[in-house]
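Visitor: Please choose one part of this model and take a close look at it. I would like the side-chain contacts, and the cut-offs behind each term.

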Amino acid sequence: MALSALALADRAMAQASPQPARPDESDAPTTVDAERLSGRPDREISLQRDVEIRRGSMTLNADRADYDIIDDRVRATGNVRLRNFGDRYSGEELNLKLDTGEGYVVHPAYRLQNNNAQGTAERIEFESRDRAVIEQGNYSTCEGPDPDWQLRAGRLTLDRERDIGTARNAVVIFKGVPLLASPYLSFPMTAERKSGMLPPSIGTSSRGGLQVQAPYYWNIAPNRDLTLYPRIIAQRGVQLGAQARYLGQTYQGQTRIEGMLNDRLADRNRYAFSSTHTQQFSPLLTFNANLNGASDDNYPNDFSNSITTATQRLLLRDLNLVYGGPVWTASARTSSYQILQDPASPIVRPYDRLPQINLSGIKRDVQGFDLSVDSEFTTFWHPDLVRGSRMVVNPRVTYPLIFPGFFITPSASLHATSYNIANQTAGTPSTFNRVLPTMSLDSGVVFERDTSLFGQRLTQTLEPRLFYVYTPYRDQSQLPNFDTAPADFNYTQVFRENRFSGNDRISDANQLTAALSSRFIEASGVERMNVALAQRFYFNQQRVIGGSPSETKSDILLLGYGQVSQTVAVDSTFQYSQSLRSLQRSSFGVRWRPGTNRVLNVQYRRDLSTPLRLFDVSAQWPLTNRLYGVGRLNYSLEEKRLAESVVGVEYKADCWIFRVVAQRIPTATGVSTSTIFLQLELNGLSKIGSNPLQILRTNVPGYQSLTTSP
């Protein structure tokens with residue numbers, strides 16, 4: 001059995017850059033120096049006191065040495081010190097053939113430059129310039145004669161050409177305690193990927209108990225790999241999984257599948273899969289596939305750290321072929337969903353698109369006009385709701401007038417839609433048509449002035465903007481609704497012509513959006529801050545479903561974001577209702593990052609329509625010189641409970657890092673799963689235990705791994 005010291009989460013598809021090959025110095029001139037020399041210069045030389053022999057990058061020092069010129073071999077005794085391409089060896093006796101690098105050193109201590117590894121041994125056998133065998137020795141990246149961790153082996157081979165170390169009859173010892181023993185163990189001497197058993201992962205979950213995973217990694221080629229990960233879940237049984245990844249010049253993708261025969265708690269077989277693929281057939285033609293599935297609705301609850309995460313309830317199956325030319329873009333797509341239902345909060349199944357065909361084109365600056373057209377044909381299928389096809393054609397003509405300091409952009413479009421319903425109720429029409437014109441006028445002015453902020457010279461802009469839209473009313477209540485919903489009201493949406501997403505509903509509009517923004521720009525062009533205010537005014541009552549007849553103006557939107565200082569960033573959004581005289585939605589976040597491994601994120605969100613009030617705080621912070629706290633708390637003020645939490649500590653020593661992290665996540669309404677991660681990272685050798693790094697990166701924005709920190 002082989003054990004590789006490269007952890008699962010650190011595998012990258014691209015190979016690490018290989019170490020440069022050592023030059024062949026077998027024919028380099030040899031220089032000898034000593035206080036006393038004797039012998040025959042054409043055959044053998046004896047050197048005594050302060051001996052130094054140099055050839056290329058190799059330097060040998062000793063009390064006494066004999067140099068056989070014909071055999072090109074040195075025998076040295078007494079305070080032997082060998083330096084070769086930055087690697088250092090010292091011992092009592094050395095025998096070395098200079099042209100091939102073959103030889104041995106007795107009772108040595110060694111230090112390798114590439115990964116700062118060191119150790120001692122009974123004997124080191126040099127099989128070549130790039131390969132050494134350590135007999136009855138140890139290996140560690142810790143400093144000092146008594147390292148915190150070390151690898152002891154009866155026979156330890158260091159292959160510098162392949163940057164791989166292998167050990168037989170090996171024991172990994174941490175703080176004097178044996179952690180791992182193996183008759184055969186291998187590990188990379190750099191960050192390069194290699195085949196072998198990955199360190200076992202040990203954790204616990206409230207939905208399955210103790211979990212032990214022992215993955216095997218197969219580095220098939222520089223652009224292909226395969227990981228097999230059997231996992232024992234104490235209360236459920238054995239889960240088998242595999243992940244394959246590949247990368248080429250015109251394609252890339254990965255597939256992951258896992259399954260369990262006879263889950264003891266569920267009394268059934270369980271499985272899940274996920275596969276993505278991208279294929280570029282030509283510079284203009286691309287194919288994409290995204291396929292996902294699971295055996296049952298409860299899979300995310302029971303296996304929250306597997307393929308289907310706790311919050312992933314819509315599993316997409318999508319195939320898409322795209323042609324992108326200089327003028328025309330075409331695509332053909334088929335998509336459907338598997339719904340993993342939460343009984344306490346059921347999900348309405350989206351329509352399948354079988355198929356969806358899009359064709360769009362744009363031609364700019366045709367006698368000053370920009371001409372474009374978007375068209376789509378889609379067949380919608382649903383097991384319970386009305387089914388049918390929809391054809392949409394949306395041509396548009398725009399005449400942009402752009403001048404220094406201001407712009408005016410009039411636009412006109414025609415939205416033509418045709419429906420053919422397949423399972424319409426008898427006696428009702430099965431075809432519908434709708435044609436709606438839209439006219440809009442977008443305009444803005446940019447004023448600039450020099451200013452300063454926190455002692456830094458900046459350019460401040462003042463940018464008023466007006467956006468007018470007119471679309472006449474059409475009764476659309478008889479039309480089916482396949483994919484349309486009111487769009488979220490935000491700063492981007494107030495500058496869109498339609499207040500619905502999708503093509504089944506086109507809002508009537510006689511409205512004006514007024515906005516005022518101000519930006520602070522550094523001399524390099526980097527935007528330091530942005531503050532914006534916007535409101536939409538309605539000149540007619542909105543009659544298409546989703547509008548309020550009494551509305552004459554929308555809520556006021558106010559947002560601001562930017563880097564206030566070198567260490568503080570803010571991001572805020574406010575939606576204020578003048579009629580109700582209250583904030584309908586608000587979000588305010590601050591990130592403080594004063595230094596390495598120091599970050600504090602605080603965010604507050606409120607939405608009266610939900611209702612939602614969330615307070616979110618996450619941080620990574622040193623508690624002592626070596627101990628770091630890390631975590632995230634997502635607290636629902638409305639429900640007075642923790643919605644999600646991650647809490648952990650990390651201890652960083654000179655040559656190892658220990659992490660313990662606890663995570664609690666909701667997996668269904670009123671159901672949560674708790675997981676504990678324990679990991680010991682031995683620098684230059686292995687990560688032992690379960691890996692929480694991806695969880696920390698996801699939950700703590702700005703988190704930095706202690707491995708890469710000084």
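Guide: What follows starts at the disulfide and works outward from there. This is a predicted model, in which local features need pLDDT of at least 70 and side-chain atom pairs count only at pLDDT 80 or more, while totals for chains, interfaces and linings use all residues. Residues are numbered from 1 along each chain as its sequence is written, and side-chain values use heavy atoms, with hydrogens and water left out.

How many disulfides are there? The count is 1, where a disulfide is a pair of cysteine sulfur atoms within 2.5 Å. Cys 142 and Cys 655 form it, with their sulfur atoms 1.7 Å apart. The link is right-handed, with 80° about the S-S bond. Cys 142 sits in the loop between β11 (131-139) and β12 (149-159), and Cys 655 in the loop between β45 (641-652) and β46 (656-668), so the link ties together parts that are 513 residues apart in sequence. Strand and helix names follow DSSP runs numbered from the N terminus: helices are H or I with at least four residues, strands are E with at least two. Both Cys 142 and Cys 655 are buried. Buried means under 20% relative accessible area, exposed means over 50%, and partly exposed lies in between (1.4 Å probe, protein chains only).

Take the Cys 142 side first. The strands β11 and β12 are also tied by a charged pair. Asp 159 and Arg 131 meet through their side chains in a salt bridge of 3.3 Å, N to O. Asp 159 is in strand β12 and Arg 131 in strand β11, so this pair ties together parts that are 28 residues apart in sequence. A salt bridge needs a side-chain nitrogen of Lys or Arg within 4 Å of a carboxyl oxygen of Asp or Glu. Asp 159 has a relative accessible area of 8%, so it is buried. Arg 131, at 29%, counts as partly exposed.

Now the Cys 655 side. Strand β45 runs antiparallel to β44, and 10 bridges join them. Two strands pair if DSSP finds at least two bridges between them. Within this pairing, Leu 633 has Ser 645 in β45 as its bridge partner. The two strands β44 and β45 form a hairpin with 4 residues between them, and Lys 640 in the turn has a positive phi of about 55°.

From β44, a salt bridge leads back to β43. The side chains of Arg 632 and Asp 616 meet at 2.7 Å, N to O. Arg 632 lies in strand β44 (residues 627-636) and Asp 616 in strand β43 (residues 612-622), 16 residues apart. Arg 632 is buried, and so is Asp 616. Ahead of β43, in the loop between β42 (598-607) and β43, is Pro 611. The peptide bond from Thr 610 to Pro 611 is cis, with omega near -10°.

Next, the wider charge picture. The whole structure holds 41 salt bridges. One of them joins the side chains of Asp 72 and Arg 55 at 2.8 Å, N to O. This pair links distant parts of the chain, with Asp 72 in the loop between β4 (58-68) and β5 (73-84) and Arg 55 in strand β3 (residues 44-55). Asp 72 has 9% relative accessibility, so it counts as buried. Arg 55 is buried too, at 7%. Strand β3 also holds Asp 50. Asp 50 is not a glycine, yet it has a positive phi of about 50°. Its relative accessible area is 57%, so Asp 50 is exposed.

A network of salt bridges links Arg 207, Arg 236, Asp 263, Arg 270, Asp 296 and Asp 302. Strand β22 (residues 251-263) contains Asn 262. Asn 262 is another non-glycine with a positive phi, about 60°. With 44% relative accessible area, Asn 262 is partly exposed.

One last contact is in strand β21 (residues 237-247), where Arg 245 is found. Its side chain joins that of Asp 225 in a polar contact of 2.7 Å. A polar contact is a pair of N or O atoms within 3.5 Å; within protein, one must be able to donate a hydrogen and the other to accept it, and residues adjacent in sequence count only if both atoms are side-chain atoms. Arg 245 is buried, at 12% relative accessible area.
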